[in-house]
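I opened this entry to go through one structure, starting from a single side chain and working outward. The notes below follow the order in which I looked things up.

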Amino acid sequence: MPIEEGLALHEAARSAPAGPLLEVGSYCGRSALFIGAAAVERGGVLFAVDHHRGSEENQPGWEWHEPDLVDPRSGLIDTLPHFRRTVYEAGLEGHVVAVVGDSPRLAALWGTPLAFLFIDGGHGAEAAHADYEGWTPHVAPGGVLAIHDVFSDPADGGRPPYEIYLRALESGRFSEVGRTGSLRVLRAAD
């Protein structure tokens, strides 16, 4: 995440109404630093949801694979230790709660309205649409929805984040209030 997108993400989280903040797709914690800093300023909490096994594009043989994130014992990607270190070193442990698990399963069990939702999980069609369908119903009236890696030109990036961005606009429930790079910020109707 480029710094200008991170700063815009921070501002979007700060602008949300009172209530919990939640991100889907924490990876090693960069976005959690920006949203977590907003949580500190708000006196709140960021719930950082991720299974920490990497998305499709992070697996061996794919463009965004990072071999140093593979756990030598399991042979699987494990970003949780990196995420925890990032949050610890930033002094955000009191405001960022790691929620380790499958996003759709967790969304189905979630019961608290969200002031802020950031979707940056798997970029494949199934994962991105499942995150959208599972979590956006939890966004409170007036709440903020931010979506990362939204590219209108397929040559610039994957389509699913763009598709869920369009779904949000077409739903009539969300309207765009900001864009920085590939970050789109929307607000739910009151």
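**Tyrosines of helix 6**

I began with Y162, which counts as buried at 17% relative accessibility. The model is a predicted one. I then checked Y165, also buried, with a relative accessible area of 5%. The cut-off I applied to both is under 20%.

Both tyrosines belong to helix 6, three residues apart, which is about one turn of the helix. I looked up the ring geometry next: the centres of Y162 and Y165 are 6.2 Å apart and the planes stand at 35°, so I entered the pair as tilted. For that label I needed the limits, since planes under 30 degrees apart count as stacked and those over 60 as edge-to-face.

What sits over the ring of Y165? I found the charged end of R184 there, 5.9 Å from the ring centre.

**Where helix 6 lies**

I traced helix 6 over residues 160–170 and found that it lies across strand 4, strand 5 (139–147), strand 6 and strand 7 (183–188). Its direction runs at about 140° to strand 6.

**The sheet**

I wrote down the strand order as 3-2-1-4-5-7-6: seven strands in an open sheet with mixed pairing. Strand 3 (96–100) and strand 6 (174–180) are the edge strands, each pairing on one side only. From one strand to the next I noted an average twist of 20°.

I looked at the strand 3 edge next. Strand 2 (residues 46–50) and strand 3 run parallel and are joined by five bridges. Within this pairing I located F47, whose bridge partner in strand 3 is V97. Helix 2 (residues 30–42) packs on the sheet and touches strand 1 (21–24), strand 2, strand 3 and strand 4 (114–119). I noted about 175° between the direction of helix 2 and that of strand 1.

At the strand 6 edge, strand 6 and strand 7 run antiparallel, with six bridges between them. There G178 stands opposite V185 of strand 7. The two strands form a hairpin with two residues between them, and G181 in the turn has a positive phi of about 55°.

**Aromatic pairs**

How many aromatic pairs are there? I counted three. One of them is F47 with W110, edge-to-face, 5.3 Å centre to centre with 75° between the planes. F47 is in strand 2 and W110 in the loop between helix 4 (103–109) and strand 4, so this pair ties together parts that are 63 residues apart in sequence. I also checked F47 for exposure and entered it as partly exposed, with a relative accessible area of 22%. F47, W110 and W135 make up one aromatic cluster.

**Positive phi outside glycine**

I last looked for residues other than glycine with a positive phi, and noted Y27, near 50°. Y27 lies in the loop between strand 1 and helix 2. Its relative accessible area is 25%, so I put Y27 down as partly exposed.

D149 also has a positive phi without being a glycine, near 65°. I placed D149 in the loop between strand 5 and helix 6. Is D149 buried or exposed? D149 counts as buried, at 18% relative accessibility.

Terms used. Residues numbered from 1 in each chain as written. Predicted model: local features only at pLDDT ≥ 70, side-chain atom pairs only at ≥ 80, totals over all residues. Heavy atoms only, no water. Pairing = 2+ DSSP bridges. Helix = DSSP H or I, 4+ residues; strand = E, 2+ residues; numbered from the N terminus. Axes fitted to C-alpha atoms, helices over the stretch in contact; angles between N-to-C directions. Contact = heavy atoms within 4.5 Å. Phe/Tyr/Trp six-rings, centres within 6.5 Å; stacked < 30°, edge-to-face > 60°. Buried < 20%, exposed > 50% of the residue type's maximum accessible area, 1.4 Å probe, protein only. Lys NZ or Arg CZ within 6 Å of the ring centre and 35° of its normal.
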